[in-house]
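Visitor: Could you take me through one part of this model in detail, the place where the chains meet? I'd also like to hear about the charged pairs afterwards.

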Number of protein chains: 2
Amino acid sequence: MPKRALVTGATGFIGSHLVRHLLQEGWVVGVLGHKESLTSDALDCNIQSFYYSGITSEVIKSVTEFQPDVVYHLASLFLATHTADQIESLITSNVLFGTQLLEAIGQSRCRVLINAGTGWQNYTPEPPFDLPVFSPVNLYAATKQAFEDIALFYVQTTQLRMITLRLFDSYGPGDSRRKLLRLLLDALKTEQPLGMSPGDQILDLVHVDDICRAFLHAAKRASEDLSQGAAVFAVSGKERMTLQAVVQQLEKAARRRLPVEFGRRPHRPREVIHPWDGPELPGWQPTITLLEGFSQLIWEEKKQTKRSNTSG
Amino acid sequence: MPKRALVTGATGFIGSHLVRHLLQEGWVVGVLGHKESLTSDALDCNIQSFYYSGITSEVIKSVTEFQPDVVYHLASLFLATHTADQIESLITSNVLFGTQLLEAIGQSRCRVLINAGTGWQNYTPEPPFDLPVFSPVNLYAATKQAFEDIALFYVQTTQLRMITLRLFDSYGPGDSRRKLLRLLLDALKTEQPLGMSPGDQILDLVHVDDICRAFLHAAKRASEDLSQGAAVFAVSGKERMTLQAVVQQLEKAARRRLPVEFGRRPHRPREVIHPWDGPELPGWQPTITLLEGFSQLIWEEKKQTKRSNTSG
């Protein structure tokens, strides 16, 4: 019998890739999210959609109806920095919705929750890197931690097992986020100078397919060992390098120089210079090197440019 | 110049006593809370009231206008056990409101937050009592921890200093809560048998005046040493004893036997048998013994009974 996965954040970058991986592996997939986001044509027609209206009883109804074996909780509101008027949305998206989901799971026969955390929950400005308490880079990361602590109540009072995967930077095809690689790929195309920070911060880029494999591996692990309660693992790409070295890798993949000008901008406040060095997810390894991943991205970019030129 | 204190939860049992202590010590007091609760006649006319409407910008306006030196954050929704339809209220009262308050403090010249936590954030079913992670007794305690997590972000990114006082059981005059001592005092009056659990759980009862002194002491400590970031202390009454022994103390104070029948009810799920053994607030000591505090309570009860008999 195929396994049943309920995914939140299914239309996000990682979420949409995860849904594809789950379908490929034969899972029955349901998604739970705001109606506006779920009507996106990114969703496969084999997927059952459940709409989140803000009401706890409706979240319970969705989980009860779908009967997942595993819930993958990827939904969150990401804000690098927040303004006062975004606080309510941050708490609602990252704490309240998750707690409603936990309540619903607690009332269902589902025993496994795989939760997307962030390396930013563990800001490490200076060595030694293991601070006594968690230290969030921003309010977004603080709300992720708040959710994890609320989840501990459910783990300790129900049969739920939870693995939180702390993610670093992700990349891969179909990424519309205005993040580093998008800026670099655009600079490659336009040849416009791109002013950046000094570039000495260490990045931990992981290909989205490797991240999805980590999620599936975590679900397997939690399902097989129901004794372990709540666990937290880092999903690290194993090729940690400075931003400068990342640019060099991309230049190598593109076989061209990038018009990047380092030192033109200051570091952000609380810029992560050393990513968190947390325990690794046992039994999982990234399989796609940066050079391979970047080459794939550049190839996709060229294909798209050609396509839009042809149709234009 | 007198110090300015903004108090949340000012109409609760501890909050109302704290406001009285602050006024006695010459503080200028403002209170922030729902309009319905603040129109209570429990409030002194010297107090400036700010109404909480749910909107972040209005919390910021209140804090900006009052300009507190210290914020005492005691407001919370307490639920021993929750139902699904109470989740939104728990998150709103115990996480969202606190976060809005932190944002407002961060934008003000206030540097000190004294926060009311609960010993229930650290459920300790068995020795050894220091678990690796926090372990909440109930969802209420989990939301208190979630707030503390979020507060760490503000402590680390602003000049705010925070002391969280983890409270255990409180008692004292004017306590209308349906808690242990109320039940015992009622049984003393009515002489109706009172069925209880086996009574082997250890209680840590602290007189409300001692708790208020702990809050003022914590504010002094945080104001004098601005280097320390976030700290957590237990406010323990130092006379930890079983529920059975507490009943004996009350019998001693009343000079009468109480009609208590132990073992008639089971322990609650996750009954706290051993209260958390956390670090004590340095420089503070309880001054009121249980026998003194209980004698005062019984005397107050008699006075009230007499008064209502006279007026009836």
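Guide: Here's the contact between the chains, followed by the salt bridges.

A bit of bookkeeping comes up front. This is a predicted model, where local features need pLDDT of at least 70, side-chain atom pairs count only at pLDDT 80 or more, and totals for chains, interfaces and linings use all residues. Residues are numbered from 1 along each chain as its sequence is written, chains are lettered from A and ligands numbered from 1 in the order in which they are written, and side-chain values use heavy atoms, with hydrogens and water left out.

Now the interface. Chain B puts 33 residues into the contact and chain A puts in 33 residues, with contact meaning heavy atoms within 4.5 Å. Between them, chain B and chain A bury about 2,600 Å², and 72% of that is on carbon and sulfur atoms. Buried area here is the accessible area (1.4 Å probe) that two parts lose on being put together, summed over both. The rule finds 7 residue pairs in polar contact across the interface of chain B and chain A, both residues at pLDDT 80 or more. For that term, read a pair of N or O atoms within 3.5 Å; within protein, one must be able to donate a hydrogen and the other to accept it, and residues adjacent in sequence count only if both atoms are side-chain atoms.

On the side of chain B that touches chain A, helix H3 (56–66), helix H4 (87–106) and helix H5 (139–157) of chain B each supply at least two residues. H5(B) gives the largest share, 12 residues. Helices (H or I, at least four residues) and strands (E, at least two) are DSSP runs, numbered from the N terminus. By type, that side of chain B splits into 17 nonpolar, 12 polar and 4 charged residues. The sorting goes like this: Ala, Val, Leu, Ile, Met, Phe, Trp, Tyr, Cys and Pro are nonpolar, Asp, Glu, Lys and Arg are charged, and the others, Gly among them, are polar.

What about symmetry? A turn of 180° and a shift of 0.0 Å along the axis lays chain B on chain A with an RMSD of 0.0 Å, using least squares on the C-alpha atoms of residues with pLDDT of at least 70 in both. That's the relation of a two-fold axis. In chain B, the C-alpha nearest the axis belongs to Ala146(B), 2.0 Å from it. Both copies use the same surface: 100% of the contact residues of chain B recur in chain A.

On to the charged pairs. A salt bridge is a side-chain nitrogen of Lys or Arg within 4 Å of a carboxyl oxygen of Asp or Glu. The count is 34 over all chains, but 0 between chain B and chain A.

Glu148(A) and Arg166(A) make one such bridge, at 2.8 Å, N to O. Glu148(A) sits in helix H5 (residues 139–157) of chain A and Arg166(A) in strand E6 (residues 161–167) of chain A, 18 residues apart. Glu148(A) is buried at 6% relative accessibility, and Arg166(A) is buried at 4%; buried means under 20% relative accessible area, exposed over 50%, partly exposed in between (1.4 Å probe, protein chains only).

Arg240(A) bridges to Asp204(A), the closest N and O atoms being 2.7 Å apart. Arg240(A) is partly exposed at 28%, whereas Asp204(A) is buried at 2%.
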